[in-house]
Amino acid sequence: MNLQTKIIKKLESNGYIVLKTIRLNKSGYPDIFAFHKKLDDLFIEVKEGKDTLKPLQKKRIDELNKIGKKAFCYHTNKIIYPKDLHGNLF
């Protein structure tokens, strides 16, 4: 099971409605949008292996956080961006 699938299953088991983006009208937005009635909505860019966070993806994460959303990049087993957010989803 790949990391995105694992994250989606975990979020759904915690009551989130989860959307995996494939193509949007604007580039750089996170891979996963997760919405919850009582908890923060999450916007997660998922990276595995040697894949790196691109400048436009950082910009989109920053834009989402600036308007009060919780957006971050998760790589393999931890949050890698933004640096002030720490944690493990599992």
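Glu-45 is a good place to start: leaving aside neighbours within four places in sequence, Glu-45 is in contact with Tyr-29, Pro-30, Asp-31, Leu-53, Gln-57, Ile-61, Phe-72, Cys-73 and Tyr-74. Keep in mind as you look around that this is a predicted model. Glu-45 belongs to strand S3, and S3 is part of an open sheet of five strands.

**Around Glu-45**
- Glu-45 counts as buried because its relative accessibility is 3%, and buried means under 20%.
- A polar contact of 3.4 Å links the side chain of Glu-45 to the side chain of Lys-47.
- Among the contacts of Glu-45 are Gln-57 and Ile-61; helix H2 spans residues 55-66.
- Phe-72, Cys-73 and Tyr-74 are also in contact with Glu-45, and strand S4 covers 70-75.

**The sheet**
- Its strands follow the order S1-S2-S3-S4-S5, with mixed pairing.
- Strand S1 (17-20) and strand S5 (78-81) are the edge strands, each pairing on one side only.
- On average, neighbouring strands of this sheet are turned by 35 degrees against each other, direction ignored.

**The S1–S2 pair**
- S1 and strand S2 (residues 32-35) run antiparallel and are joined by four bridges.
- One pairing to look for is Val-18, whose bridge partner in S2 is Ala-34.

**Helices on the sheet**
- Helix H1 (residues 3-13) lies across S1, S2, strand S3 (42-47) and strand S4 (70-75), and runs at about 155 degrees to S3.
- Helix H2 (residues 55-66) packs on the sheet as well, where it touches S3, S4 and S5.
- The direction of H2 makes about 145 degrees with that of S4.

Technical notes. Residues numbered from 1 in each chain as written. Predicted model: local features only at pLDDT ≥ 70, side-chain atom pairs only at ≥ 80, totals over all residues. Heavy atoms only, no water. Pairing = 2+ DSSP bridges. Helix = DSSP H or I, 4+ residues; strand = E, 2+ residues; numbered from the N terminus. Axes fitted to C-alpha atoms, helices over the stretch in contact; angles between N-to-C directions. Contact = heavy atoms within 4.5 Å. Buried < 20%, exposed > 50% of the residue type's maximum accessible area, 1.4 Å probe, protein only. Polar contact = N/O pair within 3.5 Å; in protein donor to acceptor, adjacent residues only side chain to side chain.
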